Amino acid sequence: AIDISNLRSATGFITLDTGYKNTGATKSSITFLDGELGVLSYRGYPIEQLAEKASFLEVAYLLIYGELPTADQLSNFSNRITKHTNLHENFKKIFDGFPSNAHPMGVLSSLVSSLTAFYPGAIDPDANAEVLDLTIVRLMAKLPTIAAWSYKNSKGQPLMYPKNNLDYVSNFLYMMFALPNQDYVIDPVVVEALNVLLILHADHEQNCSTSTVRIVGSAHASLYSSVAGGINALWGPLHGGANQAVIEMLEAIKNDGGDVKKYIAKAKDKNDNFRLMGFGHRVYKNFDPRAKIIKKACDSVLAKLGVKDPVLEIAKGLEEAALNDDYFKERKLYPNVDFYSGIIYRALGLRTDLFTVMFALGRLPGWIAQWKEMREDNEPIGRPRQVYIGSNTRDFVPIDKRK
Ligand code: ACO
């Protein structure tokens with residue numbers, strides 16, 4: 001057998017950067033962020049201005065097509081999306097097959113994957129621009145319907161068909177919360193808060209789910225399959241799943257007597273795996289600019305809706321205690337976007353396991369834009385290397401000789 005312990009192959013040395021902490025995988029002109037300064041912009045427009053002045057669909061158009069839409073372009077984009085909000089009737093049979101306690105993120109990724117079965121034209125990597133454009137519109141249109149129907153299904157309630165005279169966010173709320181033969185009033189405060197939340201989540205350069213979308217797509221897998229991969233990555237509690245984990249943590253603190261300091265101590269204890277969910281960020285080592293905007297929206301939503309919730313009081317106490325604690329200060333661990341988004345979703349009456357679904361709805365235009373950029377730039381298939389640290393080459397041992 002060859003002794004591989006000292007081999008150096010013709011490809012030379014390999015850069016080892018586990019977790020890609022400082023390795024650029026692509027060039028991109030979509031999102032700029034500076035984690036030290038706490039700056040974020042989409043296509044050059046500061047996130048603060050977009051959150052204040054734009055609609056979610058306007059931002060989606062900007063991310064996907066590179067420029068803010070004119071009034072005509074926006075109404076065309078919005079009308080096309082509206083026309084595609086319905087799901088094929090066979091989807092109902094798929095929903096029927098899921099147990100009522102299925103996690104909506106699992107349902108979402110399965111159903112997005114299954115869109116390839118309904119629209120196989122998207123599988124062809126050489127499909128023309130018209131097919132790609134239709135795929136983009138279908139994804140934007142159908143994701144809210146899939147999300148709302150998976151919620152309805154889990155509640156055992158009748159599925160509500162999209163109401164196409166409503167705007168994107170209102171239509172989603174209608175499909176989620178309306179019931180047949182009952183009036184449902186859409187609260188503008190809720191629509192406005194969701195619009196801002198979706199914009200803030202719309203892209204965040206090469207995060208875990210977006211890198212997943214790009215790497216799946218780099219094998220020339222369809223946009224549907226790539227986005228389904230992104231949804232699965234986003235589900236993880238260290239990524240988008242953190243917004244659900246935040247509320248679960250706050251509830252646990254409340255049920256344990258509400259002693260915030262005890263949990264701060266647990267988070268600092270290196271012999272304890274507990275981390276404060278919703279604190280810290282891989283890139284932001286300063287206050288996350290999205291968290292600043294959300295914090296404001298959070299205060300205003302809670303005030304406008306008149307929500308009084310002991311869990312939200314625990315959140316405030318935890319935030320204050322962490323911001324004044326040396327451990328968190330030294331490590332630059334600030335509340336991230338997920339800390340406040342979970343609180344807003346709860347105040348809006350969304351069930352905890354839907355929080356990450358909301359994140360996915362927001363991140364969708366970013367995933368689409370990044371996938372499109374990667375394919376338009378003809379990027380090669382993503383294929384990281386490794387540094388092998390396993391056994392030296394050894395001879396096969398027959399089963400009766402193994403110990
Ligand atoms: N609570 C307590 N300590 C923490 C936390 C936390 N939430 N986050 C980081 N630390 C500590 C680490 O223990 C480490 O301490 P050490 O230097 O003494 O060893 C130091 O801060 C650096 O942490 P890393 O894990 O190296 O930072 P990394 O960049 O790898 O992780 C992450 C970033 C995953 C977000 C981490 O901060 C975390 O687990 N936070 C909680 C989960 C969360 O909120 N995720 C949402 C991310 S935002 C998003 O996806 C939109």
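Biologist: What makes the shell around the ligand a mix of nonpolar, polar and charged residues?
Modeller: The shell divides into eight nonpolar, six polar and four charged residues. Here Ala, Val, Leu, Ile, Met, Phe, Trp, Tyr, Cys and Pro count as nonpolar, Asp, Glu, Lys and Arg as charged, and the others, Gly among them, as polar.

Biologist: Before we go on, what kind of model is this?
Modeller: This is a predicted model, where local features need pLDDT of at least 70 and side-chain atom pairs count only at pLDDT 80 or more, while totals for chains, interfaces and linings use all residues. Residues are numbered from 1 along each chain as its sequence is written.

Biologist: What does the predictor say about its own confidence in the protein chain?
Modeller: On pLDDT, the predictor's confidence in each residue from 0 to 100, the protein chain averages 93, and 98% of the residues score at least 70. For the complex, the predictor gives an ipTM of 0.93 and a pTM of 0.90.

Biologist: Back to the ligand: which residues come nearest?
Modeller: Ala242, Arg275, Phe279, Gly280 and Arg282, out of 18 residues around the ligand. To be near, a residue needs its C-beta atom, placed from the backbone, within 6 Å of the molecule.

Biologist: Why is Thr31 called buried, and Ser300 not?
Modeller: Count the other C-beta atoms within 10 Å: 20 or more is buried, 12 or fewer is exposed, and in between is partly exposed, with C-beta atoms placed from the backbone. Thr31 has 22, so Thr31 is buried. Ser300, in helix H13 (residues 289-305), has 15, so Ser300 is partly exposed.

Biologist: Which residues does Thr31 touch?
Modeller: Leaving aside neighbours within four places in sequence, Thr31 is in contact (C-beta atoms, placed from the backbone, within 7 Å) with Tyr42, Asp203, His204 and Glu205. Thr31 itself is found in strand E1. Strands (E, at least two residues) and helices (H or I, at least four) are DSSP runs, numbered from the N terminus.

Biologist: How do you know that E1 and E2 pair?
Modeller: Pairing takes at least two bridges found by DSSP. Strand E1 (residues 31-34) and E2 have four, in the antiparallel sense, and Leu33 stands opposite Leu40 in E2. E2 and strand E3 (residues 45-46) have two bridges, also antiparallel, with Pro46 as the bridge partner of Ser41.

Biologist: Why do E1 and E3 count as edges?
Modeller: The open sheet runs in the order E1-E2-E3. E1 and E3 each have a single partner strand, so one side of each is left without a neighbour in the sheet.

Biologist: What sits in the two hairpins?
Modeller: The hairpin of E1 and E2 has four residues between the strands, and Gly38 takes a positive phi near 70 degrees. E2 and E3 have two residues between them, and Arg43 in that turn has a positive phi of about 50 degrees.

Biologist: How do you know that helix H11 has about the expected length?
Modeller: The expected span is 1.5 Å times one less than the number of residues. H11 (residues 242-255) has 14 residues and reaches 20 Å from its first C-alpha to its last, close to the 20 Å expected. Its buried residues, among them Ala242, Val246 and Ile253, pack against helices H12, H14, H16 and H17. Just after H11, Gly257 takes a positive phi of about 105 degrees.

Notes:
Two residues are in contact if their C-beta atoms, placed from the backbone, lie within 7 Å.
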